[in-house]
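This briefing concerns two topics: the cysteines of the chain and a nonpolar surface patch. Please consult the sequence and the structure shown here alongside the text.

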Amino acid sequence: MNDAYLNGRFLPLAEATVPVLDRGFVFGDGVYELVPVYSKKPFRLDDHLRRLQASLDGIRLANPHSADAWRELIGTLVAHYDADDQSVYIQVTRGVAPRDHPFPQNTAPTVFMFTQPLVTATAEQKAAGVCAVTAVDYRWQRCDIKAISLLANILLRQQAIDAGCAETVMLRDGFLSEGAASNIFVVKDGVLRAPPPSRLMLTGITYDVVLELAQAHGIAHEVRALAEAEVRGADELWMTSSTREIMAIVTLDGVPVGSGVPGPLAQRMDALYQTFKREVMRA
Ligand code: PMP
C-alpha cells in the first residue's frame, strides 16, 4: 500500500529513503505538520497549511507547493490508504547538501509525507484522565515554529514518561507555556483559561478549536498569561492536541488536580469537540 509520499512519488513507507546528508537528518533543519483525518476528510486542513506556511517562513524556506497542490497530494495519500481515520505526517526539510551551516544554494527541499491509522483516546482513557509533571521550559525562543528538531521536547516529555505520566507541563519564567507535545488549559471557578499565542508556544489547531467552541457555546474563557500558582491551584487542567484531543490531567507532580478526576468542563468540551468533528465530516 502506498502510505507515503517522497519528492513527487507515492510509495510504501518502508521503501521511502533519503540520503544521509539531508539537512533534516544532520541538522534537524526542517518543519512538519500532523493533520488528523476523520472519515477520509482532513480536519481543519486550511489551518494546518497556514501553520505549515508560517513554520516555513520562520525558517526562511520557500514553500515547495501551493495550498491547492498540498490539498491534492494529501487527498491522494488519504484516498489510497485503507483506514477512514488517519493521521497524516508532513515534513519539509532544506534538502540534501554538503554538511555546512549556511543555507545551500539551488537545493531542492525534501518533501515527505506518510499516513497511518489515527489512534485517539478511548472513552475509558478519557474517563481516567492522565498524570503530568512540571518542568522548566528550556526550549529556544521560537517555539511557534513547528520544527522537526524536537530534542528539547523529547527530553522534557521523557521526564513525564519516566514518572509514569503522559505529559510534561512546561513553565517559563514562572508562567505556563504549553505541554511538551500539547497545549495546556486551566479551569478555575468555571472559567476556561489559556495562555496567549506567542513565540514561546505552538498554537495548536485543537487550541483554536477549543477556544472557538467556548466562544460559540457561551463558556466563560480568558486568554492571558497564567502564573504557576494558577496552574497548581486549578480546578481542572487539560492537555489538547490533534491526537490527544481534550484530555484531562488529573494529577500534577503527584498532587491531585481539583477533585482528582476529569472535571465537568473537560467532559463538556470533549462532547462539543466530538460533535463538531462529526459536523465537519458531514459538511
Ligand atoms: N504544542 C506542541 C509542542 C505540540 O507538539 C503540539 C502537537 N503537535 C501541540 C502544541 C498541539 O497542536 P495541535 O493541536 O495542532 O495538535
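The points below cover the disulfide, the cysteine environments and the surface patch in turn. The model is predicted. One disulfide is counted, and its partners are C131 and C165. On the surface, V20, L21, F25 and V96 make up a nonpolar patch.

**Disulfide**
- The sulfur atoms of C131 and C165 lie 2.0 Å apart, and this pair forms a disulfide because two cysteine sulfur atoms within 2.5 Å qualify as one.
- The torsion about the S-S bond of C131 and C165 is about -110°, so this disulfide is left-handed.
- The bond links distant parts of the chain, as C131 and C165 are 34 residues apart.
- C131 belongs to strand β7 (residues 130–136), whereas C165 sits in the loop between α5 (151–162) and β8 (167–172).

**Cysteine environments**
- C131 has a relative accessibility of 21% and therefore counts as partly exposed.
- C165 has a relative accessibility of 12%, so C165 counts as buried, the limit for this class being under 20%.
- C143 is also buried, because its relative accessible area is 6%.

**Nonpolar surface patch**
- Together, V20, L21, F25 and V96 present about 390 Å² of accessible area.
- One of these residues, F25, is located in helix α1 (residues 23–27).
- The relative accessible area of F25 is 61%; F25 is therefore exposed, since that class requires over 50%.

Definitions and conventions: Residues are numbered from 1 along each chain as its sequence is written. This is a predicted model: local features need pLDDT of at least 70, side-chain atom pairs count only at pLDDT 80 or more; totals for chains, interfaces and linings use all residues. Side-chain values use heavy atoms; hydrogens and water are left out. Patches are made of residues with over 30% relative accessible area and no salt bridge: like charges are joined within 9 Å, nonpolar side chains (Val, Leu, Ile, Met, Phe, Trp, Tyr) within 5 Å. Accessible areas come from the Shrake-Rupley method with a 1.4 Å probe; for residues, only the protein chains shown count as cover. A salt bridge is a side-chain nitrogen of Lys or Arg within 4 Å of a carboxyl oxygen of Asp or Glu. Helices (H or I, at least four residues) and strands (E, at least two) are DSSP runs, numbered from the N terminus. Buried means under 20% relative accessible area, exposed over 50%, partly exposed in between (1.4 Å probe, protein chains only).
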